[in-house]
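Student: I would like to take a close look at one part of this model, and I would be glad of a connected explanation.

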Amino acid sequence: MRAVIYCRVSTDKAEQETSLARQRDELERLAAECGLKIVKVIAEQASGYEADRDGVLELLSLCEEGKVDVLLIQDETRLGRGHARMAVLHCLKKQGVKIYSASHRGEMPLSEADEMVLSIIAIVEEYQRKIHNAKIKRGMQRAIARGYRPERNLRRRGENAGRDRIDLPVEEIVRLRERGLTFADIAATLRSFGYEASKATVHRRYQEYMDEQQRRC
């Protein structure tokens with residue numbers, strides 16, 4: 001399995017650099033013991049109460065892109081403190097990423113309280129998604145009643161449609177992504193508009209767009 005090492009200290013004092021090095025060494029040994037392939041090492045000096053840490057954002061991007069199976073940390077406090085920790089745990093669980101800690105010498109179990117909070121968050125998030133999709137569907141129904149025909153925006157439909165490249169509105173994908181929606185949420189939104197979009201296809205179109213923008217720079 002592919003693993004990312006995440007190390008964190010709370011201050012930028014020089015002596016803390018040795019703590020980061022110790023964390024990395026310990027986690028590299030744990031990866032070897034568990035037969036994990038390290039694809040990235042992220043180390044940062046930041047408060048655990050902040051959720052928008054550069055290292056955490058990089059970690060979550062790797063997870064969302066499907067490049068990570070396991071996260072290696074010294075202990076659960078390295079992820080963060082308070083609400084920030086729960087937010088990171090939620091994102092990791094949503095992406096199906098396992099957490100291994102040096103303190104447990106393997107996969108880190110979640111407490112009953114954490115499991116309960118994460119379950120509540122997942123339920124609320126699901127209902128928010130249903131409400132969002134219902135609003136889109138209602139808007140589409142109103143537009144159709146006024147004469148809008150969504151089928152005119154769909155091309156390559158027919159007997160061989162499954163073999164053709166699915167036509168998706170890339171600009172809309174980019175716009176929704178910039179607003180913070182996950183690829184799964186974007187796919188659900190596009191399906192509400194009649195597009196045959198999967199999470200994988202949406203992610204591929206977005207990556208193709210970003211690669212094209214980089215080539216132009």
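Student: Which residue is the bridge partner of tyrosine 100 in β5? Please also describe the strands and the helix that belong to this part.

Tutor: Keeping in mind that this is a predicted model, we can begin with your question: tyrosine 100 has glutamate 107 as its bridge partner in β5. Strand β5 covers residues 106-107 and runs antiparallel to β4, to which 2 bridges join it. Between the two strands of this hairpin there are 4 residues, and arginine 105 takes a positive phi there, near 55°.

Strand β4, residues 98-101, also pairs with strand β3, residues 70-73, but here the sense is parallel and the pairing extends over 4 bridges. Within it, isoleucine 99 in β4 stands opposite leucine 71. In a regular strand, side chains alternate between the two faces of the sheet.

Turning to the helix, we find that β3, helix α3 and β4 together make a right-handed β-α-β unit, with α3 formed by residues 82-94. The length of α3 can be checked, because its 13 residues, at 1.5 Å a residue, should span 18 Å, and this agrees with the 19 Å between its end C-alpha atoms. The buried residues of α3 are Ala84, Arg85, Met86, Val88, Leu89, His90 and Leu92. An α-helix has 3.6 residues a turn, so residues three or four places apart point the same way. After α3 comes glycine 96, which has a positive phi near 75°.

Methods. Residues are numbered from 1 along each chain as its sequence is written. This is a predicted model: local features need pLDDT of at least 70, side-chain atom pairs count only at pLDDT 80 or more; totals for chains, interfaces and linings use all residues. Side-chain values use heavy atoms; hydrogens and water are left out. Two strands pair if DSSP finds at least two bridges between them. A crossover is right-handed if, with the strands pointing away from the viewer, the path from the first strand over the helix to the second runs clockwise. The expected span of a helix is 1.5 Å times one less than its number of residues. Buried means under 20% relative accessible area, exposed over 50%, partly exposed in between (1.4 Å probe, protein chains only).
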